[in-house]
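Let's take a walk through this model together. Keep the viewer open and follow along as we go from one sheet to the rest of the chain.

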Amino acid sequence: MALNKNALIRYKTIDKCLQNRYRQWTLDDLIEACSDALYEYEDRDINVSKRTVQLDIQLMRSDKLGYNAPIEVYRKKYYRYADDGFSITNIPITENDMDVLSETVEMLKQFKDFSLFSELGGIIQRLEDTVYTEKTHQSAIIHLDKNENLKGLHWLDELYRAIQKKVVLDITYQSFKAKKPSIIKFHPYLLKEFNNRWFLIGADDKGKVILNFALDRILALDLDFQTDYAVGNFDADTFYMDVVGVTVNRERPSVVKVWVDKGNAPYVVTKPLHHSQRVVKENEDGSIEVTLLVKLNYELERLLLGFGEALEVLKPERLRKRIRIKLNRAATRYGEDLP
């Protein structure tokens with residue numbers, strides 16, 4: 001059940017009131033206290049109805065929120081906790097809660113490279129303190145693939161802010177093939193992660209050609225506040241619709257047909273090579289043939305080559321030929337040549 005901020009403020013206010021045994025609390029008193037608390041937090045008048053507080057009390061009494069608050073009415077008018085020492089803030093965390101918190105903490109820590117999540121830092125630390133004082137430390141059950149030694153991660157936050165604020169960049173960049181770095185004026189649109197590497201996607205200095213830069217090849221960044229940012233009509237979902245990876249060329253998507261052996265067929269079926277994948281044939285030996293509608297690029301070739309002998313490209317012929325050439329070259333490394 002989703003809880004909004006105002007509801008949580010009301011629950012905490014009702015809880016604080018009922019802990020005060022030196023005062024008798026009517027429903028009207030609780031309504032007034034909730035209204036005052038919301039005004040304090042929101043700095044504006046928020047109408048709290050009688051029905052709202054009655055529902056709050058009902059929810060606090062139930063196990064839907066995990067409170068099971070022993071709220072009772074005495075003298076047919078006043079509200080109090082039947083247990084003098086009860087508070088919703090003192091509810092013990094269950095073992096299942098601890099497991100969920102532990103894994104949540106581990107997953108949140110994966111995003112520490114973004115200062116966007118810096119405000120979570122203190123929360124994460126407090127969660128860790130709570131979790132590990134309640135249970136002994138144990139290995140994480142969920143592990144996200146992440147390369148801590150990957151270069152360029154320190155650019156993430158600055159690039160994120162530049163995209164968010166629509167600021168043009170002067171990027172000093174040197175690709176693996178370039179002999180020396182170049183300074184490129186760039187309009188940043190998107191940060192994209194693929195195969196455990198981060199890429200910056202955006203437009204060239206004229207705001208027309210879409211380019212991508214690997215963060216680990218960026219040598220320096222400067223913000224250009226004088227040049228107008230080219231907003232354009234870039235849409236990431238549309239731009240990458242027919243692509244595996246990050247390299248997008250101007251070619252039309254091609255129908256790629258591949259054969260997959262019996263042992264790897266279940267993996268390809270349950271984890272498609274691309275969202276356009278369709279199984280077009282199931283052979284008697286358990287192998288399958290699937291089609292993809294994608295643009296031919298370097299990342300697609302790497303993906304297909306990764307299956308080795310378990311996958312054969314049937315068409316288009318030019319992709320089949322490129323794969324054959326690469327496999328022949330690979331085989332010669334081991335002293336063999338393919339027919």
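Start where strand 3 (residues 168-173) meets strand 4 (residues 182-194): the two run antiparallel and are joined by 5 bridges. If you want one spot to zoom in on, pick Asp170, whose bridge partner in strand 4 is Lys185. Bear in mind that you're looking at a predicted model.

Now look at what sits against this region. Helix 6 (residues 156-165) packs on the sheet, where it touches strand 3, strand 4, strand 5 (197-203) and strand 7. The direction of helix 6 makes about 100° with that of strand 4.

Zoom out to the sheet itself. It's an open one with 5 strands in the order 6-5-4-3-7, and the pairing is antiparallel. At the edges you'll find strand 6 (210-214) and strand 7 (218-224); each has a single partner strand, so one side of each is left without a neighbour in the sheet. On average, neighbouring strands here are turned by 45° against each other, direction ignored.

Next, head along the chain to strand 8 (residues 254-260), where the side chains alternate. Ser254, Val256, Val258 and Val260 point to one face and are buried, while Val255, Lys257 and Trp259 point to the other and aren't. Which strands does strand 8 pair with? It runs antiparallel to strand 10 (residues 288-294), with 7 bridges between them, and antiparallel to strand 11 (residues 311-315), with 4 bridges. On the strand 10 side, Val256 stands opposite Leu292; on the strand 11 side, Lys257 has Lys315 as its bridge partner.

Swing back to helix 3 (residues 50-61). Its 12 residues reach 17 Å from first C-alpha to last, close to the 16 Å expected at 1.5 Å a residue. Val53, Asp56, Ile57, Leu59 and Met60 are the buried residues of helix 3. Why do they line one face? Looking down the axis of helix 3, you'll see these buried residues fall within an arc of 165°, so they line one face of the helix. Their cover includes helix 1 (5-19), helix 2 (27-42), strand 1 (71-74) and strand 2 (78-81). Turned away from that buried side is a face of helix 3 carrying the exposed residues Lys50, Arg51 and Gln58.

Finally, the whole protein. There are 10 helices and 11 strands, and buried residues make up 36% of the 339 residues. Of the contacts with a separation of 6 or more, 58% come from residues 24 or more positions apart. The accessible surface comes to about 22,000 Å², and 50% of that belongs to carbon and sulfur atoms.

Technical notes. Residues numbered from 1 in each chain as written. Predicted model: local features only at pLDDT ≥ 70, side-chain atom pairs only at ≥ 80, totals over all residues. Heavy atoms only, no water. Expected span 1.5 Å × (residues − 1). Buried < 20%, exposed > 50% of the residue type's maximum accessible area, 1.4 Å probe, protein only. Arc of directions from axis to C-beta. Contact = heavy atoms within 4.5 Å. Pairing = 2+ DSSP bridges. Axes fitted to C-alpha atoms, helices over the stretch in contact; angles between N-to-C directions. Areas by Shrake-Rupley, 256 points an atom, 1.4 Å probe, with all protein chains shown as cover.
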